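Reader: Could you take me through the aromatic rings of this chain? I would like a close look at how they pair up, with enough of the surroundings to place them.

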Amino acid sequence: MTVISNALVLQAPTGEENLPIIGWDNRLQSVPFTVSTASPDFPESNLPNPSTSFPWKSASNAAQTITISNGGAPVDYIGIARHNLNQSGRTLTIRFNGAIVYGPAIPSRNQALMFFFGGASPDTILIEIGAGSRPAVLGYMALGQALVLQRGIYVGHTPITYGRDRKIIKGLSESGQYLGEVIVRSNNRTGVSLQNLTPDWYRNNLDPIFMQRVPFFWAWYPSKYEAEVGYVWLDGEPKMSNQRSNGMVSVSMNLVGMV
């Protein structure tokens, strides 16, 4: 789910809502933060770890608060991957310097969440999680400055939420009757083709992400298809190609991830 908000921030997104967004910057890896409680086996240090196999888990079903000392740095997105907020009936509220910029609301589904705000530079960010039926789990949380791509994607693209890739064992009886299926692995895949990028923009903004090979939050058309968001990583190596005599370039990337 992508939420675009201009509430209580300095500058609202203008025209960028239709463009794909990559959330890869993560200030949570370098700034102080605290949590209300944490299970001994799932500490708060897991929150900024891109590996969703090692989540943060609260020590109780009570309401939880994550307090982030942002120090006034620019922040225009927050991403959360692998959570149980919907499943446990927990509300989510986001505050910048005490003012609510999202919520309180229960996420509509247990999939990757990406909140895209106008430009803001809060000193303190509060993530408030309401009480629920089971301990809260957040697999990964990121916040910082998102990269808004130069060009939109409108045709020939499979949204990550529909690019299901499953390894399935089928069961058949000796007479050929269908017995069922066992899913042994499940993730999502998609391909992204970007055209007519200005050469300096590609070299300064997109190629550094490819070089670092960090996972990121991906929203292909956030204003229209807010639910089609994934937490993804590169499959293979994207290769830039000179596309036009005026220097415009193109690049394609294959993404694998979870929704």
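**The aromatic rings in their setting**

Author: Happily! The chain has 1 helix and 18 strands, where helices (H or I, at least four residues) and strands (E, at least two) are DSSP runs numbered from the N terminus. Its radius of gyration, taken over C-alpha atoms, is 20 Å, close to the 18 Å that the globule rule gives for 259 residues, so the chain is as compact as a globular protein of that length. That rule is 2.2 Å times the number of residues to the power 0.38. Along the principal axes, the C-alpha atoms fill a box of roughly 65 × 55 × 30 Å.

A word on the ground rules: this is a predicted model, in which local features need pLDDT of at least 70 and side-chain atom pairs count only at pLDDT 80 or more, while totals for chains, interfaces and linings use all residues. Residues are numbered from 1 along each chain as its sequence is written, and side-chain values use heavy atoms, with hydrogens and water left out.

Now to the rings. A pair of aromatic rings is described by the distance of the centres and the angle of the planes. Here, rings of Phe, Tyr and Trp (its six-membered ring) pair if their centres lie within 6.5 Å; planes under 30 degrees apart count as stacked, over 60 as edge-to-face and the rest as tilted. By this rule the count comes to 11 aromatic pairs. One of them joins Phe96 and Phe117, with 5.0 Å from centre to centre and 55 degrees between the planes, and is therefore tilted. This pair links distant parts of the chain: Phe96 sits in strand β7 (residues 92-96) and Phe117 in strand β9 (residues 113-120), 21 residues apart. Phe96 is buried, with a relative accessible area of 5%, and Phe117 is buried too, at 2%. Buried means under 20% relative accessible area, exposed over 50%, and partly exposed in between (1.4 Å probe, protein chains only).

Tyr221 and Tyr225 make an edge-to-face pair, with centres 5.7 Å apart and planes at 80 degrees. Tyr221 counts as buried at 13% relative accessibility, whereas Tyr225 is partly exposed at 33%. Elsewhere, Tyr140, Phe217, Tyr231 and Trp233 come together in one aromatic cluster.

Trp201 deserves a visit as well. This residue lies in helix α1 (residues 199-212) and is buried, with a relative accessible area of 13%. Not counting residues up to four places away in sequence, Trp201 touches Leu147, Val148, Leu149, Gln150 and Leu206, a contact being heavy atoms within 4.5 Å. Trp201 and Val249 are 48 residues apart in sequence, and their C-alpha atoms are 9.8 Å apart in space.

After helix α1, Arg213 is placed in the loop between α1 and β15 (216-219). Its phi is near 55 degrees, a positive value in a residue other than glycine, and Arg213 counts as partly exposed at 37% relative accessibility. Arg82, in strand β6 (residues 75-83), also has a positive phi, near 50 degrees.

For the wider background, buried residues make up 45% of the 259 residues in the chain. Among contacts with a separation of 6 or more, 74% are between residues 24 or more positions apart.
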